Amino acid sequence: MEALFENLLNLNWQQVVMWIIGGVLIFLAIVKDMEPTLLLPMGFGAILINLPESGAKEVIDRLFEIGIDNNELMPLILFIGIGAMIDFEPLLTNPKLMIFGAAAQFGIFFTLGLSSVLGFELNDAASVAIIGAADGPTSIFVANTLNSNYTAAIMVAAYSYMALVPIVQPPIIRMCTTKKERLIRMEYTGKKPSKLTKILFPIVVTVVVGIVAPDAVALIGFLMFGNLIRECGVLNSLSETASKVLANLITIFLGITIAARMTAAEFLRLETLLIMALGLLAFVVDTFGGIMIAKLMNLVSKKKINPMIGAAGISAFPMSSRVVNKIGLEEDSQNFLLMHAVGVNVSGQIASVIAGGMILSLLG
């Protein structure tokens, strides 16, 4: 009983606030079904780490040290699972979709400049900017490599915005497009890629990115290795394990490990709110950039592009492509945009990794 009273005396309001934040993340995971495999362990971990004299803190800190701090192992292994989930066929069928993935990274560089103007150190500004890609593993990798002072806020913001794609993107898409544009139907054209093409693609991409942005080799290499496992045709059981068991297991551990940097002292700072706001701005500008490029292309293209697919250029796969397809069907029940949006979405995954590597190269 004496120990109980002592712990209560050691409790402060900041820890209670972190319990509430943890509870909100758990609520979003369970009630709203927003990235539950990640937000649930993040929320529970935030509560664990902020209990008075928490016995879990040392364990979670150790997990963070082994899996993220020393070598970024967890984000890299997760990329193998993500690669095994991705089908690049829609992109290979229509390679020009890569343009939208590249355009949707504009928000990263815009926010990098704005964060610097607002007084953030360059390494912190770059880490915050990557949030706009809605790519959690890349955000963690960049923030940790650059030794950002705001790793906790960046991690939470990156994964929160991934989860909030179905809420944040629809109003932006509708605001940036007219009803006539949203009704544009797109034909499925292009020759279906051969098995050899699908096998060579991850190898070629890894080599090219390695030459252009060497610091992105680890991220793109693990992503493409996962895809090679999927496409080679001789490792089906391994591909299934990587895309399901491995990805889910690492996501759970990653979520609870992120909580190591969600202590009240580290998280409850004015800068945290600013980082969340800047991350949201980067996310909005990325979505806007992809849509605007599609609109520009329509000025010179005979075959019109539904500009909504440009919004899928962020790397939140496959949530963003599903959002675009859903809005298309709401406007016209026969307007199926999923394959086009998926092509843009997977190109955004590649582009966000390259953008992260370029930033690391510039600041290295």
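**Notebook: pockets, a surface patch and two residues**

I sorted the lining of the second largest pocket by class and got six nonpolar, five polar and six charged residues. The model I am working from is predicted.

Entry 1, second largest pocket. I looked up its volume, which is about 340 Å³. I then listed the 17 residues that line this pocket and noted those closest to its centre: Asn94, Glu187, Tyr188, Thr189 and His340. Two elements, α6 (89-93) and α20 (338-363), give two or more residues to the lining. Which of the elements gives the most to the lining of the second largest pocket? I found that α6 does, with three residues.

Entry 2, largest pocket. For the largest pocket I read a volume of about 810 Å³. I noted 29 lining residues, and Glu35, Met85, Phe317, Pro318 and Met319 are the ones nearest the centre. I wrote down the elements that give two or more residues to this lining: α3 (36-49), α5 (73-85), α11 (151-163), α16 (236-258) and α19 (319-331). The most comes from α16, which gives five residues. By class I have 17 nonpolar, six polar and six charged residues in the lining of the largest pocket.

Entry 3, surface patch. I looked for nonpolar side chains on the surface and recorded a patch formed by Leu196, Leu200, Ile203, Val204, Val207, Val208, Ile211 and Val212. Together these residues have about 750 Å² of accessible area. I checked the place of valine 212 and found it in helix α14, which covers residues 195-212. Is valine 212 buried or exposed? Its relative accessible area is 59%, and the cut-off for exposed is over 50%, so valine 212 counts as exposed.

Entry 4, threonine 111. I placed threonine 111 in helix α8, residues 106-117. Why does threonine 111 count as buried? I read a relative accessibility of 0% for threonine 111, and buried means under 20%, so threonine 111 counts as buried. I also looked up how far the C-alpha atom of threonine 111 is from that of valine 128. The two C-alpha atoms are separated by 7.7 Å, and the residues are 17 apart along the chain.

Entry 5, recap. For the pockets I keep the two volumes, about 810 Å³ for the largest and about 340 Å³ for the second largest. For the single residues I keep valine 212 as exposed and threonine 111 as buried.

Key. Residues are numbered from 1 along each chain as its sequence is written. This is a predicted model: local features need pLDDT of at least 70, side-chain atom pairs count only at pLDDT 80 or more; totals for chains, interfaces and linings use all residues. Side-chain values use heavy atoms; hydrogens and water are left out. Patches are made of residues with over 30% relative accessible area and no salt bridge: like charges are joined within 9 Å, nonpolar side chains (Val, Leu, Ile, Met, Phe, Trp, Tyr) within 5 Å. Accessible areas come from the Shrake-Rupley method with a 1.4 Å probe; for residues, only the protein chains shown count as cover. A salt bridge is a side-chain nitrogen of Lys or Arg within 4 Å of a carboxyl oxygen of Asp or Glu. Buried means under 20% relative accessible area, exposed over 50%, partly exposed in between (1.4 Å probe, protein chains only). On a 1 Å grid over the protein atoms alone, a cavity is a set of points where a 1.4 Å probe fits but cannot get out, and a pocket is an open set with protein on both sides within 12 Å along at least five of seven lines; lining residues have an atom within 4 Å of a point. Grid points are joined across faces, edges and corners, and a volume is the space filled by probe spheres set on the points. Ala, Val, Leu, Ile, Met, Phe, Trp, Tyr, Cys and Pro count as nonpolar, Asp, Glu, Lys and Arg as charged, and the others, Gly among them, as polar.
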